[in-house]
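This briefing is meant to be read beside the sequence and the structure. Please keep both in view while going through the points, which are grouped by topic.

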Amino acid sequence: MLAASFRGGNRASLPSSFPIKRPRGAATCNRPPPPTLSMAGGEPPAEAGEERVHVHYDHVLPSRHERWTARESFEFMHNRPWQEVRDFYSDVVDGRSSLSELFGAERSLVHDATEIPEACEKSGLDSLPGGKRSGRWERRTYKIVLTYHGGSFDGWQKQPGLNTVQGSIERSLGDFVDEKKAKLLKDKSLPVEGCALVAGRTDKGVTALGQVCSFYTWRKDVEPQHIELAINTAAPGRLRAISVSEVSRSFHPNFSAKWRRYLYIFPFNDGENGEAREGTTEHVDKMSSKANSACRSNGFGNDIDNEDLQSLILSDKDEDFEGGNKQVSFEVSRVNQFLQLLEGKLLSYKMFARDTKASRNIGPPTECFLYHARAALGRLKGTDCQEGRKVMFIELVANRFLRKMVRVLVATSIREAVAGSEEDVLMKLMDSTCRRATAPPAPPDGLCLVDVGYTDFNPKTCLIKGS
C-alpha cells in the first residue's frame, strides 16, 4: 500500500491553524499559510480589530474514544520521568550498563563487543603489486563506530556556537589531517579539522550506541588506535569510540548502509502499567500559554520548531476547547499490533516526517522499508524504584528513516492506542494530505540509534522478538 501523492512541498503548505471557520471533516491543508510563530512560546499577534479563532485538525478515521488534540498529545508525552531514561543511556555510553541487561545476553548486539561487521567489499589494494599505494590509492579511509549521550550535545550536525558531536569529532581528527589540506585550511584562516561523514544525523537529545562515521587522510603514519585515543579524550563519559578500522576507500557510512536500528524507551508514570482499564478515564489538563516555556525549563521543547509549534495552538476561548475527560491509558500490545502491520512493506512515510526539504516530500525519497517494528513492556534497571521503572520499548529497523519519523510514529501510535483506533490506523494515516493528522514528535530523550548494518538484516539480532 503506497500513500497518495503529496499535496504541498514545504512547511507553508502544512499549517496548523487558520483564522476562518470551516465545516467538520473538510480538508485542512489547502489554505493560506499562517503567520510566523515565535519560538519563545508565544502566538502570533492578531491584527487590529481581528478576532483570532484557531481550528484543530478534524480526524475522520473511526475510534472508540475521542482523540487527543496536538497539545494534549504533547503534554502526555512530555510529562514523564525522562531523567531516568537519560541516566540509563548515560550509563550505557559510559560502559556502566548495556542493553543486554534489558533484553538478555542472548540478544546482545554486535556493538556491545568491539567486533562490528565490516561495511563493504575488499578494496583493490590486495591486487596492487606488493600492496604499494600510489596516486588516488594513497588515501586511507577509516570507519569509526561511536557511542554518545544525546543529552550532552546539541545534536550531531556541526553548528556555530553549539556543542555538537560532529564538532567534537572533527576537532579530534585535526591531528591526522595531511599536510596539503592543513596548509589549505590555514591559508583560509580556518581551524585545522578533519571531515567526518556519518550514517545518519541525530537531533539534539537523541543518544547513539552504534553510530558510524568515516574519515580519510593521505597521511601514512595514522593508526586506528591513534584515532580512537584522540576521540576518547575529547569528551570522556559523553563520547566514546567503540572501534576504528581501515576500510575500502569506496566505503560511505550512509550510502553503504543497508539498515538502521532505533530503540525508543517510553517511561510510565507511577500508577501506570501499560494495560488499559476499560471504562476508565482520567482528566487531561489543558496546557496554558506558558506551557512551552515550562517545558523548556524542564529540559524539553528546545528542539520544537515552527511546524511543531503551529500544531500546538489552541483556541483562545475555553468553550472552543474540546478537552475535558479523555482516555489516557493504553495497552502496549495494541501499539505492537499497529507497528507490526508495517513490517515487510515499502511505504511512504511523508505524513510521519517533519521539516523535510520540498524535494524529499514526494515519491521515492519518502519511501521506507521496515524490516522490524515491535513494542514490548519492560523495566529499566538501576532506577530509584525497587523493581525498576516500568517502560515500553519500541524497536524499529528500516533501510532508512525520514527526519523525526521514529518520534512521530511513537507519539501517533500511543495516541491511537489510547483512542481505541482500528488496527490498520497507521497505514490509513499515510493516505492523509496533511501532517497534522499525525501527532507531534515524541521527546528526543527516549530515542536511541542502536546500530547501523552493512550486511543483510538478520532477524535473529532483534531486541524484541515474538508477537
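Does K428 count as buried, partly exposed or exposed, judged by its relative accessibility? K428 counts as partly exposed, at 29% relative accessibility, and this value, like the others here, comes from a predicted model. The protein has 467 residues, of which buried residues make up 53%, and its secondary structure comes to 11 helices and 11 strands.

**Overall picture**

- The accessible surface of the protein comes to about 21,400 Å², and carbon and sulfur atoms hold 49% of that area.
- Among the contacts with a separation of 6 or more, 80% are between residues that stand 24 or more positions apart.
- The structure holds 0 disulfides; as for two of its cysteines, C434 is buried with a relative accessible area of 1%, and C448 also counts as buried, at 0% relative accessibility.

**Helix α2**

- Helix α2 covers residues 82-93, and its 12 residues should span 16 Å at 1.5 Å a residue, which agrees with the 17 Å that separates its end C-alpha atoms.
- Because 9 of the 12 residues of α2 are buried, this helix is largely enclosed by the rest of the structure.
- The buried residues of α2 are W82, E84, V85, R86, F88, Y89, S90, V92 and V93, a list that includes the charged residue E84, which counts as buried at 17% relative accessibility.
- After α2 comes G95, with a positive phi near 85°.

**Salt bridges**

- The structure holds 22 salt bridges, and the background to such pairs is that side chains of opposite charge can pair when their charged atoms come close.
- One of these salt bridges joins the side chains of E84 and R389, at 3.0 Å from N to O. E84 lies in helix α2 whereas R389 lies in the loop between β9 (367-379) and β10 (390-398), so the pair ties together parts that are 305 residues apart in sequence.
- R389 counts as buried, at 8% relative accessibility, and its side chain also meets that of D270 in a salt bridge of 2.6 Å, N to O. Since D270 lies in the loop between β5 (259-267) and β6 (282-283), while R389 lies in the loop between β9 and β10, this pair ties together parts that are 119 residues apart in sequence.
- D270, for its part, is exposed, with a relative accessible area of 65%, so this salt bridge joins an exposed residue to the buried R389.
- K428, the residue of the opening question, has a side chain that meets the side chain of E422 in a salt bridge of 2.6 Å, N to O; E422 is partly exposed, with a relative accessible area of 36%.
- R67, R415 and E416 are linked in a network of salt bridges.

**Two buried sites in regular secondary structure**

- H78 is placed in helix α1 (residues 70-78) and counts as buried, at 9% relative accessibility. A polar atom of the H78 side chain lies 2.9 Å from the backbone oxygen of F74.
- A241 lies in strand β4 (residues 239-247) and counts as buried, with a relative accessibility of 3%.
- When residues up to four places away in sequence are not counted, A241 touches I144, V145, L146, E228, I231 and N232.
- The C-alpha atoms of A241 and Q211 are separated by 9.5 Å, and the two residues are 30 residues apart along the chain.

**Backbone angles in two loops**

- As background, most residues other than glycine have a negative phi.
- S189 is not a glycine and yet has a positive phi of about 60°; this residue lies in the loop between α5 (179-187) and β2 (197-198), where S189 counts as exposed at 67% relative accessibility.
- K404 likewise has a positive phi, near 60°, in a residue other than glycine. K404 is found in the loop between β10 and α10 (405-419), but K404 counts as buried, at 6% relative accessibility.

Note on methods. Residues are numbered from 1 along each chain as its sequence is written. This is a predicted model: local features need pLDDT of at least 70, side-chain atom pairs count only at pLDDT 80 or more; totals for chains, interfaces and linings use all residues. Side-chain values use heavy atoms; hydrogens and water are left out. A disulfide is a pair of cysteine sulfur atoms within 2.5 Å. Buried means under 20% relative accessible area, exposed over 50%, partly exposed in between (1.4 Å probe, protein chains only). Helices (H or I, at least four residues) and strands (E, at least two) are DSSP runs, numbered from the N terminus. The expected span of a helix is 1.5 Å times one less than its number of residues. A salt bridge is a side-chain nitrogen of Lys or Arg within 4 Å of a carboxyl oxygen of Asp or Glu. Contact means heavy atoms within 4.5 Å. Accessible areas come from the Shrake-Rupley method with a 1.4 Å probe; for residues, only the protein chains shown count as cover. A polar contact is a pair of N or O atoms within 3.5 Å; within protein, one must be able to donate a hydrogen and the other to accept it, and residues adjacent in sequence count only if both atoms are side-chain atoms.
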